[in-house]
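Colleague: I'd like a close look at one part of this model, namely chain A. Take me through it slowly, please, and then put it in context.

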Amino acid sequence: MSVISRSEVEHLARLARIDMTDEELDRMAGQLGAVLDAVAQVASAVTDDVPATSHPVPLTNVTRPDVVRPGLSAADALAGAPASEDGRFRVPQILEEDA
Amino acid sequence: MSAVDQTIPYDEAIAQFDPVLGLEVHVELSTATKMFSGAPTEFGAEPNTQVDPVSLGLPGALPVLNAKALESAIRIGLALNCSIASYCRFARKNYFYPDMPKNFQTSQYDEPIAHDGFLDVEVPASEDGTKPAFTYRVDIERAHMEEDTGKSLHVGGSTGRIHGAEYSLVDYNRAGIPLIEIVTRPLTGAGDRVPDVARAYVATLRDLLRALDVSDVKMEQGSLRCDVNLSLRPTPQDPLGTRSETKNVNSLRSVERAVRYEVGRHAAVLLSGAKVVQETRHWHEDTGLTTSGREKSDAEDYRYFPEPDLVPIEPDPAWVESLRATLPEPPAERRRRLTTEWGFSEPEMRDVLNAGALDLVEATVAAGASPATARKWWMGELARRANVEGTDLSALPVTPAQVAELQGLVDAGTLTDRLAREALEGVLAGEGSPTEVVASRNLAMVSDESALIAAVDAAVAANPDVADKIRAGKVQAAGALIGAVMKDMRGKADAARVRELVLERVGS
């Protein structure tokens with residue numbers, strides 16, 4: 001049984017911006033443990049000479065020419081936004097974080 | 001705003017500690033389209049008009065790499081003497097911030113396109129001449145491809161900053177613009193010249209990128225942005241100290257100032273017996289201070305993983321070699337060569353470089369002007385005009401060939417310097433070439449001796465008291481008559497010749 005601690009789950013929840021109650025954190029720690037167990041089974045089949053596969057299709061160097069293609073108007077871009085102002089997306093205030 | 005940190009004077013700090021510098025430079029490439037989509041990249045466009053589903057991170061939108069951006073990345077890597085990866089991938093850097101619509105930045109992590117290079121930097125002598133010029137080799141760890149974020153406008157609160165803002169407005173025009181991030185290794189051994197090394201590196205890198213023609217490298221517009229990492233240790237034998245990362249230091253002067261400030265701040269922390277906090281800091285151009293930002297996340301918190309929507313890159317070695325053949329003369333070499341060829345002093349050359357006038361002066365010289373006069377025009381009258389209009393020298397509506405033509409008219413005695421400036425005015429106003437402006441504005445000097453003599457006689461007749469003074473030996477009184485004649489000639493006369501004529505006609 002893989003062990004993922006409650007504080008690790010809490011940290012992940014914070015990174016994912018998910019607000020979780022104490023009870024949810026406990027339950028999730030158990031459930032994520034089970035997921036890790038399943039992944040561990042796959043890991044046991046891997047040998048050192050098999051590199052981790054990120055791209056199953058053997059394809060490289062796909063590029064496009066540097067030519068402008070019509071995109072979206074500002075109105076279309078903002079059409080799905082919950083709120084907008086002055087042609088910009090309006091988002092809630094950002095606290096204690098800084099890009 | 002955080003409380004102001006304690007600092008000690010730079011000289012005092014640097015006498016007690018060994019500084020270690022690291023620089024991360026982000027360069028926006030001047031491609032027509034974004035890194036992963038065909039949306040345009042025009043600077044200063046109306047908000048959210050340079051966007052498409054990829055730059056907005058809409059569901060199902062798929063990125064495709066810009067071939068030109070890849071080519072530019074490889075050329076930058078080669079110019080920095082890097083090895084080019086034979087195989088590399090993009091990675092997702094996961095974090096939440098509203099200016100990044102996908103909730104991850106497409107970047108490169110452990111497989112940068114270019115790695116392990118160097119850039120030799122000429123550090124100039126200090127202004128007072130007490131510290132000599134020297135060459136410093138900046139080791140480059142990596143140069144990798146990534147995409148820029150959107151721009152947030154914080155509304156509410158008093159300062160326009162995040163703190164106190166009620167909400168933010170986001171413009172995604174910049175989101176997805178191709179960026180190359182160039183990261184140095186920890187730079188040691190600079191000692192008390194560490195601010196000069198930092199500045200000289202960024203200046204040299206800027207010149208190199210400009211010569212490569214891959215970016216417009218305008219620090220004030222954010223197309224070249226610098227993060228300054230700094231740490232102190234008691235002696236060069238000690239392990240590296242804890243570093244701070246000062247973000248978005250956006251002028252050459254600020255790079256130098258930010259390094260100086262952080263040296264003083266770190267030293268004050270260490271001397272008080274406290275520990276330096278590893279954190280991001282913000283540079284404030286107005287006060288010359290840095291303030292604390294967020295504590296730096298661990299790399300693992302970004303949960304990097306290979307980007308599944310973009311296929312790996314395997315640059316053809318023959319293509320890479322053909323790109324190597326397109327590299328320009330390294331800026332440091334070109335600068336040395338031109339300094340000698342033109343006979344400029346180091347400060348003169350530095351001013352030309354800082355003004356971004358090297359190409360313009362070179363083209364003006366190629367069009368026939370002497371190096372000294374080419375420099376005089378671009379660093380004098382034209383620099384003044386560019387400053388007044390808040391534009392770059394290269395954006396002024398005058399060509400190097402026209403500047404050379406103008407100087408040719410001065411050399412031929414057709415124009416005085418003052419008339420030449422007036423002719424330049426006309427050129428800048430779009431009235432045509434210098435020769436055309438001289439004709440249309442009737443600026444050519446009066447070389448007709450009889451016209452000059454007539455004007456002198458008229459001035460003498462109109463000012464008999466002045467003429468008497470001159471005859472009585474007060475030769476300096478002649479200035480009034482010369483002024484009258486020059487005014488009559490609308491400045492289009494050789495003042496020295498007018499003076500001779502005045503003295504002659506007065507009969508002193």
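Modeller: Quick bit of vocabulary before the tour: a helix here is a DSSP run of H or I with at least four residues, a strand is a run of E with at least two, and both are numbered from the N terminus. Also keep in mind that this is a predicted model.

With that in hand, chain A comes to 3 helices and 3 strands. Going along the sequence, they follow the pattern α-α-β-α-β-β. The radius of gyration of chain A is 22 Å, while the globule rule gives 13 Å for 99 residues, so chain A is more spread out than a compact globule. Its C-alpha atoms fill a box of roughly 55 × 45 × 25 Å along the principal axes. As for burial, 10% of the 99 residues in chain A count as buried, where buried asks for 20 or more other C-beta atoms within 10 Å of a residue's own.

How far does the predictor trust this chain? The mean pLDDT of chain A is 87, with 93% of its residues at 70 or more. Element by element, helix α2(A), residues 22-45, has the lowest mean pLDDT at 89, and β1(A) has the highest at 98.

Now for the strands, starting with the pairing inside the chain. Strand β2(A), residues 84-85, pairs with β3(A) in the antiparallel sense, over 2 bridges. If you want one pair to click on, A:Ser84 has A:Phe89 in β3(A) as its bridge partner. The two strands make a hairpin with 2 residues between them, and A:Asp86 in that turn has a positive phi of about 50 degrees.

β3(A) also pairs outside its own chain. It runs antiparallel to strand β9(B), residues 167-171, and 4 bridges join the two. Within that pairing, A:Val91 has B:Ser168 as its bridge partner. β1(A) reaches over to chain B as well, but in the parallel sense: it pairs with strand β2(B), residues 65-66, over 2 bridges. There, A:Arg64 stands opposite B:Asn66. As a reminder of what such pairings involve, strands of a sheet pair through backbone hydrogen bonds, either parallel or antiparallel.

Let's zoom out to the whole contact. It takes 33 residues from chain A and 43 residues from chain B, counting two residues as in contact when their C-beta atoms, placed from the backbone, lie within 7 Å. On the side of chain A that touches chain B, β1 (63-64), α3 (74-78) and β3 (88-92) of chain A each supply at least two residues. β3(A) gives the most to that side, with 5 residues. By residue type, the side of chain A that touches chain B divides into 15 nonpolar, 8 polar and 10 charged. So β3(A) turns up in three places: in the hairpin with β2(A), in the pairing with β9(B), and as the element that gives the most to the side of chain A touching chain B.

For context, here is the partner. Chain B has 17 helices and 15 strands. Its C-alpha atoms fill a box of roughly 95 × 55 × 50 Å along the principal axes, and buried residues make up 39% of its 508 residues. Of the contacts in chain B with a separation of 6 or more, 69% are between residues 24 or more positions apart.

Chain B is divided into domain 1 (10-320), domain 2 (331-440) and domain 3 (449-506). The C-alpha centres of domain 1 and domain 2 of chain B lie 34 Å apart. Where these two meet, 7 residues of domain 1 of chain B are in contact with 5 residues of domain 2 of chain B. On the domain 1 side, β6 (114-123) and α3 (194-212) of chain B each supply at least two residues, and α3(B) has the largest share there, 4 residues.

One last stop in chain B is an open sheet of 3 strands in the order β5-β4-β15, with antiparallel pairing. Its edge strands are β5 (104-107) and β15 (305-306) of chain B, each pairing on one side only. Strand β4(B), residues 91-94, is joined to β15(B) by 2 bridges, and B:Arg92 stands opposite B:Phe305 in β15(B).

Technical notes: Residues are numbered from 1 along each chain as its sequence is written. Chains are lettered from A and ligands numbered from 1 in the order in which they are written. This is a predicted model: local features need pLDDT of at least 70, side-chain atom pairs count only at pLDDT 80 or more; totals for chains, interfaces and linings use all residues. Ala, Val, Leu, Ile, Met, Phe, Trp, Tyr, Cys and Pro count as nonpolar, Asp, Glu, Lys and Arg as charged, and the others, Gly among them, as polar. Two strands pair if DSSP finds at least two bridges between them. The radius of gyration is taken over C-alpha atoms; the globule rule is 2.2 Å times the number of residues to the power 0.38. A residue is buried if 20 or more other C-beta atoms lie within 10 Å of its own, exposed if 12 or fewer, and partly exposed in between; C-beta atoms are placed from the backbone. Domain bounds come from an automatic or database domain assignment. pLDDT is the predictor's confidence in each residue, from 0 to 100.
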